[in-house]
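Subject: Structure for you to look at

Hi,

Here is the structure I promised to pass on. Have a look at it first, then read my notes with the viewer open beside you.

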Amino acid sequence: MAGAVGAATGAYRALDTAALRLLRANNMPVIVATCGRHLVDRRIIAYPEFVTLVADDLSELRDEGIALPRTAQEYIADWIRDGILIRRATAARDESIELSPTAADAIAFLDAIDRPVATVTSSRLANVSDLLASLARDTDPDPSTRIAALQAERDRLDAEIARVESEGSVPADDAAASERLAEILRLAEAVPRDFAKVADSFERLNQGLREQIINHEGQRGEVLDEIFAGVDLIESSDAGRTFDAFYRLLLDPELVERFDASVDAVLDRDFAADLPLAGIAFLRQYLTTLQSESAQVRGTLTDLSRSLRRFVETQEYREQQRLATAINTCEQALMGLLHSLPTTHKIGVGLDLTSMRFSSIGSWALHNPADVRTAETVDEHDTQPLNLENLREMVRLTEIDFGELHGNVAAVVDERATATVGEVLERFPASQGLASIVGLLVLAVEYAIRVPGSEVWTWQSRSGRSKNVSGPRYLFSTVPADWTKR
């Protein structure tokens, strides 16, 4: 649909998005100060942790005189209802919170207004020109043109090598280098925000496939035939293939090594001296962030593929088809009756509604505390002073000391910048034996990144014998701020 009507229709559709609801909300600054601050660097947060973070933020804002009469849970419930936040059930039967894709776009829009940047730069034009030339070159089917382009590139490189050998290397000036670095950071910041959109596209694809299966009339449909033939429709889709190519490239050791070397080289240059600490940390942890976010999306993709296959293989879709057919039949019958019967026609079927029982206030009896008062004397027994160390040892016999493990991991990460489970155990042996190993593995699954390879974990049994097990490699690069460092 073109013209003014098409533009107006698109604008009307935008009115019903979470982005517009966020921008028009009376407490929009509060949403940005809480959701935007916590759900940008970490795309997904456990629901109880997020409630605690929002409660702390609301308390801080109230201290500055901002009127916020409701609780954190009430505000979060409103944001979930408006589609600004998405609340999901996790595999561990917990719940998580994340920003909806359009709400994330709105927060990025507000951030761009608050911190405007120059968009007309030579580096941006150079990027567009290079990408366009690369596309034209890679899609040219004529081998002679390709050979001529390679020969021209070779001649240019030979001339550049000769010039450097005779005149020396002339690096780019600091102003141009700073401009290119700012452009790199803007491009890099956009990638992590796209993961929410990728996960959302997979969920919409899964929903669409289920609707095709349920609404198909006939014995077998194309979607069913492909699933029964073993085709993974979600992973083989355009979005699935694109993400799979990105995921494989991200796990390429050569790319990781080259990227880290480039970051080290750039940050050692003089023009990077004015780069804020946040920008330095962003570049240092960029690949780790991408690997963590892509692993979450990969897990979502795998879960959706398995769920769709179970939906078909367990014949659950047949029950859904029967239910959809029954609903359609009822709707058609009702539409036919509307032409012959008024809406007030009695159909002879009663519907019991919920009700409240009323009674006179005179029938109420006052509560008398004496009715439940204890008549017998209470025997008092003297207790020994509480020994915190003995109590702690008793707890450690039945519970994993996660406080100790938090401190151990934080201390090793603080010393080495990154640490594996094996390196933590080398620095701090498992004081609770196998329980410490299990605790570290639980922390690694939640807070560390799975990397290729394996390592040996060692502990002492209660009998004093040394035991070990080969486990997967998990890499801690950052730890929560509340983990106590030794």
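Below is what turned up, going from the whole chain down to single pairs of residues.

One thing before you start: this is a predicted model, so please read everything below as a description of that model.

**The whole chain**

The protein chain has 486 residues, and 27% of them are buried. You can colour it by secondary structure and look for 19 helices and 6 strands. If you take the contacts between residues at least 6 apart in sequence, 65% of them join residues at least 24 apart. The chain exposes about 33300 Å², and 56% of that comes from carbon and sulfur atoms.

**Two nonpolar cores**

In soluble globular proteins, nonpolar side chains tend to be buried together. So where should you look here? The largest nonpolar core holds 28 residues, and the members that touch the most others are Phe50, Trp79, Leu85 and Leu99. At least two residues each come from helix H2 (18-24), helix H3 (28-38), helix H4 (47-63), helix H5 (72-81), strand E3 (95-99) and helix H6 (101-114). Which element gives the most to this core? That is H4, with 6 residues.

Try clicking on Leu85. Leaving out residues up to four places away in sequence, Leu85 touches Cys35, Leu39, Phe50, Ile76, Trp79, Ile80, Ile97, Glu98 and Leu99. There is also a second, separate core of 23 residues, with Phe195, Leu255, Leu301 and Ala324 among them.

While you are looking at helix H3, find Ala33, which belongs to that helix. Is Ala33 buried or partly exposed? Its relative accessibility is 28%, so Ala33 counts as partly exposed. Ala33 and Ile107 are 74 residues apart in sequence, yet their C-alpha atoms are 10.0 Å apart in space.

**Salt bridges**

Side chains of opposite charge can pair when their charged atoms come close. How many salt bridges does a search of the whole structure find? The count is 13, and three of them make good examples.

- Arg37 and Asp57: their side chains meet with 2.4 Å from N to O. Arg37 is in helix H3 and Asp57 in helix H4, 20 residues apart, so this pair links distant parts of the chain. The two partners are covered differently: Arg37 is partly exposed because its relative accessible area is 48%, while Asp57 is buried because its value is 7%, under the 20% cut-off.
- Arg70 and Glu74: the closest N and O atoms are 3.8 Å apart. Glu74, at 36% relative accessible area, is partly exposed, and Arg70, at 32%, is partly exposed too.
- Arg473 and Glu455: here the side chains meet at 3.9 Å, N to O. Arg473 lies in strand E6 and Glu455 in strand E5 (residues 449-460), so the pair ties together parts that are 18 residues apart in sequence. Arg473 is partly exposed at 27%, whereas Glu455 counts as buried at 11%.

Salt bridges can also share partners, and that is how Arg70, Glu74, Asp78 and Arg81 are joined into one network.

**Rings**

The count of aromatic pairs comes to 2. One of them is Tyr447 with Trp483, an edge-to-face pair with 5.1 Å between the centres and 75° between the planes. Tyr447 is in helix H19 (residues 434-447), and Trp483 is in the segment after strand E6 (466-476); they are 36 residues apart, and the pair links distant parts of the chain. Why does Trp483 count as buried? Because its relative accessibility is 4%, and buried means under 20%. Tyr447 has 28%, so Tyr447 counts as partly exposed.

Charged groups turn up over rings as well. Arg70, which you met in the network, has its charged end over the ring of Tyr75, 5.5 Å from the ring's centre. Further along the chain, Arg450 lies over the face of Tyr474, at 5.9 Å from the ring centre.

Have fun turning it around on the screen!

Cheers

How values were computed. Residues are numbered from 1 along each chain as its sequence is written. This is a predicted model: local features need pLDDT of at least 70, side-chain atom pairs count only at pLDDT 80 or more; totals for chains, interfaces and linings use all residues. Side-chain values use heavy atoms; hydrogens and water are left out. A nonpolar core is a set of buried Ala, Val, Leu, Ile, Met, Phe, Trp, Tyr and Cys residues joined through side-chain atoms within 4.5 Å. Buried means under 20% relative accessible area, exposed over 50%, partly exposed in between (1.4 Å probe, protein chains only). Helices (H or I, at least four residues) and strands (E, at least two) are DSSP runs, numbered from the N terminus. Contact means heavy atoms within 4.5 Å. Rings of Phe, Tyr and Trp (its six-membered ring) pair if their centres lie within 6.5 Å; planes under 30 degrees apart count as stacked, over 60 as edge-to-face and the rest as tilted. A charge sits over a ring if NZ of Lys or CZ of Arg is within 6 Å of the ring centre and within 35 degrees of the ring normal. A salt bridge is a side-chain nitrogen of Lys or Arg within 4 Å of a carboxyl oxygen of Asp or Glu. Accessible areas come from the Shrake-Rupley method with a 1.4 Å probe; for residues, only the protein chains shown count as cover.
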